[in-house]
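Here is a colleague's note, set out in numbered points, to be read with the sequence and the model side by side. Please follow each residue on the display as it comes up.

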Amino acid sequence: YPGSYNSGKFFRIDGTTGKTKEEAQLPQGCQPYGAVVDSSGYLWAGNLGGPPLCYFNTKKVAETGKARTSTVGQQSGYGIGLDRDQNVWLACLGFGACRYTPNRKPGGAELPNGFWTMFQSPGANIGGGTAIGMAVDSRSVKQYFAWVAAGSSIVRIPASDTPLPNGMDVLIDGKAFPGVPIAGDGKGVGVDRDQNLWNIGGSGYATRVLVDVKGDMTKPDINSAPMGKNLCPAGDRCYLKHPNVSSSPGPYTYSDFTGFGLRNFTRPKGSWSYILSGCKDENMAPKDTRWMFIKWDAEVPLNTTLTARARSGKTPKPDQTWGAWTADFAMSPADLVNGVQPLIPNIKDNGGYLQVELDFATMAKDKSPKLKTVEVWWECDGIPG
């Protein structure tokens with residue numbers, strides 16, 4: 001979903017064709033500057049320079065709204081993140097960090113009526129400046145932290161240890177929050193798969209910060225000279241300048257550039273689709289085919305799913321003449337002749353082409369379904385194929 005700052009629109013893009021499949025118009029006053037999608041499918045976008053925090057339902061794009069404005073502190077939007085409890089985090093430019101806890105009563109109507117926790121001047125005592133980048137980890141079963149890139153520092157915010165607001169907005173002094181210095185300026189901060197931190201600065205540096213299971217940071221080495229003739233690595237930093245290029249690079253990011261939030265806090269889902277032809281006539285042209293079943297072998301760990309569906313048609317590419325999709329089959333083999341009546345329809349039109357789509361999803365932090373093999377069986381004039 002790319003967004004447009006000027007128009008307040010988001011666009012769902014078909015990854016195969018590049019065409020716009022759907023667009024969402026945020027309410028008036030919403031100019032998105034970064035976005036996250038939560039596990040319920042709501043996309044949240046902050047505004048650069050001030051409120052509101054806006055959202056829309058990716059499953060029903062006409063459902064849009066604005067979160068209520070904080071009554072304490074200065075609310076704005078730059079970097080944006082999501083934690084495992086589905087709170088939305090903003091690097092509130094010129095103020096600090098802001099956490100919004102939506103009211104998640106069923107139906108979504110109460111989402112705007114949540115409450116804010118405002119963390120003012122995080123890390124100011126150790127030189128932390130304006131908060132720009134934002135990321136949230138998942139350190140242990142009981143604890144997680146939010147991290148901001150602020151000035152030339154990365155600063156730790158006690159996210160899970162700070163109680164959620166109960167009926168009113170809360171202002172917290174963050175000056176004493178711990179932090180470490182980084183090379184260059186602190187634009188973006190990201191969490192890698194080992195839950196160490198990476199900073200990308202517009203001055204051309206990337207810095208790694210090692211973090212243990214308790215959230216304690218090891219001060220990165222940002223002073224050692226490079227090893228050998230290359231500029232990278234130099235201690236715990238890399239200077240990204242190429243020796244044969246005169247101008248300096250200016251890498252720029254401020255949200256989930258490592259994919260940690262997508263992997264852990266948004267319901268990851270993907271699909272694999274292919275089209276095959278079945279029976280052939282004497283001229284090797286496709287003809288009507290009795291599609292029998294789909295059979296697959298896969299590893300599907302706890303809290304993950306793998307489902308299959310299919311449809312058939314008489315043209316090589318799906319068009320309006322193709323039949324409807326079956327519902328999702330969660331068990332192999334999927335019976336395309338009989339379905340599981342009445343809930344799952346079968347393949348009725350018996351076109352010479354079949355499209356099979358397998359959908360993969362996970363709510364596990366470290367596991368995904370893995371497809372090993374897939375087979376499609378069909379009959380031509382009563383002879384199995």
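1. The chain has one helix and 27 strands, and the reader should keep in mind from the start that this is a predicted model. Taken along the principal axes, the C-alpha atoms fill a box of roughly 80 × 55 × 40 Å. Of the 385 residues in the chain, 44% are buried.

2. Some totals for the whole chain help to set the scene. Among the contacts between residues at least 6 apart in sequence, 59% join residues at least 24 apart. The chain exposes about 19000 Å², and carbon and sulfur atoms supply 53% of that area. As for charge, there are 40 positive and 35 negative side chains, and the centres of these two sets lie 4 Å apart.

3. A good place to begin a closer look is strand β10, which covers residues 96–101. Six of its six residues are buried, so the strand is largely enclosed by the rest of the structure. Strand β10 has paired neighbours that can be followed in turn: strand β9, residues 88–92, runs antiparallel to β10 and is joined to it by five bridges, while strand β11, residues 115–120, is also antiparallel to β10 and is joined to it by six bridges.

4. Consider next how β9 passes into β10. The two strands form a hairpin with three residues between them, and in this hairpin Gly-94 takes a positive phi near 80°. At the bridge level, Cys-92 has Gly-96 of β10 as its partner. Cys-92 also takes part in a disulfide with Cys-98, with an S to S distance of 1.9 Å. Both ends of this bond are buried, since Cys-92 has a relative accessible area of 0% and Cys-98 likewise has a relative accessibility of 0%.

5. On the side of β11, Ala-97 stands opposite Phe-119, and the residue to examine is Thr-117, which also lies in β11. Is Thr-117 buried or exposed? Its relative accessible area is 0%, and a residue counts as buried under 20%, so Thr-117 is buried. Leaving aside residues up to four places away in sequence, Thr-117 touches Ala-97, Cys-98 and Arg-99, together with Thr-162, Pro-163, Pro-165, Val-170 and Ile-172. Thr-117 and Arg-99 are 18 residues apart in sequence, yet their C-alpha atoms are 5.0 Å apart in space.

6. A second hairpin can be read in a similar manner. Strand β17, residues 188–191, pairs with strand β18, residues 197–200, in the antiparallel sense over four bridges, and Gly-188 has Ile-200 of β18 as its bridge partner. Five residues lie between the strands of this hairpin, where Gln-195 takes a positive phi near 65°. Within β17 the residues point in two directions, with Gly-188 and Gly-190 on one side and Val-189 and Val-191 on the other, and all of them are buried.

7. The structure holds four disulfides. A disulfide is a covalent bond between the sulfur atoms of two cysteines. If the bonded cysteines are numbered in sequence order, the pairing is 1-2, 3-4, 5-6, 7-8.

8. One of these disulfides joins Cys-30 to Cys-54, with an S to S distance of 2.0 Å. The pair links distant parts of the chain, 24 residues apart, for Cys-30 is in the loop between β3 (20–25) and β4 (32–37), whereas Cys-54 is in strand β6 (residues 54–57). The torsion about the S-S bond of Cys-30 and Cys-54 is about -90°, so this disulfide is left-handed. Cys-30 is buried, with a relative accessible area of 4%, and Cys-54 is buried as well, with a value of 0%.

9. Another disulfide is formed by Cys-232 and Cys-238, whose sulfur atoms are 1.8 Å apart. Which hand does the disulfide of Cys-232 and Cys-238 have? The torsion about its S-S bond is about 45°, so it is right-handed. The two cysteines of this pair fall into separate classes of exposure, with Cys-232 partly exposed at a relative accessible area of 34% and Cys-238 buried at 16%.

Key. Residues numbered from 1 in each chain as written. Predicted model: local features only at pLDDT ≥ 70, side-chain atom pairs only at ≥ 80, totals over all residues. Heavy atoms only, no water. Buried < 20%, exposed > 50% of the residue type's maximum accessible area, 1.4 Å probe, protein only. Pairing = 2+ DSSP bridges. Contact = heavy atoms within 4.5 Å. Areas by Shrake-Rupley, 256 points an atom, 1.4 Å probe, with all protein chains shown as cover. Lys, Arg positive; Asp, Glu negative; His and termini not counted. Charge placed at Lys NZ, Arg CZ, Asp CG, Glu CD. Disulfide = S-S within 2.5 Å.
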